[in-house]
Amino acid sequence: MYTPAITGTGVFTPQSSISNAELVVAFNAYADRKNAENAQAIAAGEIEPMQHSSEEFIVKASGIENRYVMDKSGVLDPEIMHPSLRQRDDNDPGIMTEMAVDACNKALAQAGRRAEDVDLVICAASNHERAYPAIAIEIQQALGIDGFGFDMNVACSSATFGIQAAADMIRSGSVRAALVVNPEICSGHLEWRDRDCHFIFGDVATATLIERIEDAQGPHFEILSTRCATQFSNNIRNNNGFLRRSRPDGLVDRRDMQFMQNGRKVFKEVLPMVSKHISDHMESEGIASGDLKRLWLHQANKTMNDFIGKKVLGREPEADEQPNILQDYANTSSAGSIIAFSKYSDDLEDGDHGLICSFGAGYSVGSVIVKRCE
Ligand code: COA
């Protein structure tokens with residue numbers, strides 16, 4: 001048996017960003033147009049007018065201030081209200097591969113490794129741009145990796161489930177180094193015309209390199225233990241997924257073909273599930289809350305994270321103990337906890353413990369307990 005370690009991480013951040021102010025202006029212009037179009041039906045009481053969104057609500061309800069997107073112009077055009085992404089030829093690299101390669105190269109550079117040193121690519125994400133061939137195999141080819149790749153999807157928990165799968169293969173010896181990559185093009189499956197959720201998501205890609213601990217070239221994080229759990233729920237659901245409305249071929253515009261959630265129920269049901277999952281995982285590994293230097297949580301909602309942090313640590317967490325990135329990136333599905341880990345882990349000292357946790361649709365929750373090694 002080998003010991004797995006995280007030796008590098010990388011984040012690809014799209015060039016365009018959208019502030020809450022810009023988003024709300026576009027949404028409200030769209031709502032005004034719709035209300036003008038439907039003026040008669042509204043006056044006759046047949047349909048309700050669309051209400052305006054507000055920056056104050058978005059920050060208060062979620063903590064989100066900004067999001068990055070692969071295409072800004074379509075999202076902010078009240079006549080389009082979705083990303084305008086070009087339909088790619090089958091011989092062009094896919095958009096997920098493009099995002100993934102940048103994140104993978106950063107992870108490899110941090111670890112002092114080259115693509116040739118890797119023998120497994122797992123593309124773990126909420127939405128895949130096609131059924132097959134697997135995106136992971138395209139990423140493998142783009143990077144020039146020998147070995148194999150496969151896709152997996154456990155929605156927002158995809159990254160931690162992917163880390164568990166890779167860590168287990170490294171433990172057993174079937175692979176020597178694995179890239180777990182999370183290209184999340186959330187803008188393609190968000191309903192930007194729905195006031196209840198139009199502010200939630202952003203695009204990003206993260207990558208995590210996992211190797212045998214003895215192969216690490218620099219400071220790294222030993223993976224002490226991983227734990228995954230799932231429990232079926234329809235409260236976060238997407239019946240079709242990727243980029244449906246971005247396609248020019250007139251497919252049916254059905255609301256259930258994009259991301260949907262019952263946010264209140266998610267709060268009520270997921271919070272106890274996640275808090276208990278983390279506490280049980282720590283207890284079975286003999287890690288007390290006082291031993292934990294950092295919590296890198298899934299980045300969906302600030303109130304949610306504040307609640308989980310307090311439950312796990314038994315007190316109000318300090319800002320640096322539980323870093324949030326959702327104010328800048330919004331919810332980036334499976335990538336959120338890895339962005340937090342990537343940006344806020346260098347300062348840990350030899351022997352410090354931390355825990356990465358993601359959770360979301362499924363329901364699903366995954367946690368990874370790590371130890372810093374210099
Ligand atoms: N601007 C202004 N008001 C808005 C609004 C907007 N963009 N969106 C909703 N509102 C209104 C609602 O209509 C509602 O009004 P009412 O009280 O008159 O009915 C009110 O604000 C409260 O709405 P509610 O949906 O209860 O808000 P909330 O506090 O639950 O926050 C979420 C909404 C989605 C941010 C929150 O529920 C959440 O984050 N849930 C979990 C998310 C999560 O983890 N999902 C996983 C996805 S991977």
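Of the 374 residues of the chain in this predicted model, 56% count as buried. The surface that the chain exposes amounts to about 15900 Å², and 47% of this area is supplied by carbon and sulfur atoms. Charged side chains comprise 36 positive and 53 negative groups, and the centres of these two sets lie 4 Å apart.

With regard to overall form, the C-alpha atoms fill a box of roughly 70 × 50 × 35 Å along the principal axes. A radius of gyration near 21 Å would be expected for a compact globule of 374 residues, and the value for the chain, 21 Å, therefore agrees with that expectation. The secondary structure consists of 11 helices and 13 strands. When contacts between residues at least 6 apart in sequence are considered, 78% are found to join residues at least 24 apart.

Alanine 103 provides a local example of such a pairing across the sequence. This residue belongs to helix 5, which spans residues 95-111. Because its relative accessibility is 0%, and the limit for burial is under 20%, alanine 103 is classed as buried. Apart from neighbours within four places in sequence, alanine 103 is in contact with two groups of residues: Gly10, Val11 and Phe12, together with Ala205, Thr206 and Ala207. For one of these partners, alanine 205, the separation from alanine 103 is 102 residues in sequence, whereas the C-alpha to C-alpha distance is 6.1 Å.

Key
Residues numbered from 1 in each chain as written. Predicted model: local features only at pLDDT ≥ 70, side-chain atom pairs only at ≥ 80, totals over all residues. Heavy atoms only, no water. Helix = DSSP H or I, 4+ residues; strand = E, 2+ residues; numbered from the N terminus. Rg over C-alpha atoms; globule rule 2.2 N^0.38 Å. Buried < 20%, exposed > 50% of the residue type's maximum accessible area, 1.4 Å probe, protein only. Contact = heavy atoms within 4.5 Å. Areas by Shrake-Rupley, 256 points an atom, 1.4 Å probe, with all protein chains shown as cover. Lys, Arg positive; Asp, Glu negative; His and termini not counted. Charge placed at Lys NZ, Arg CZ, Asp CG, Glu CD.
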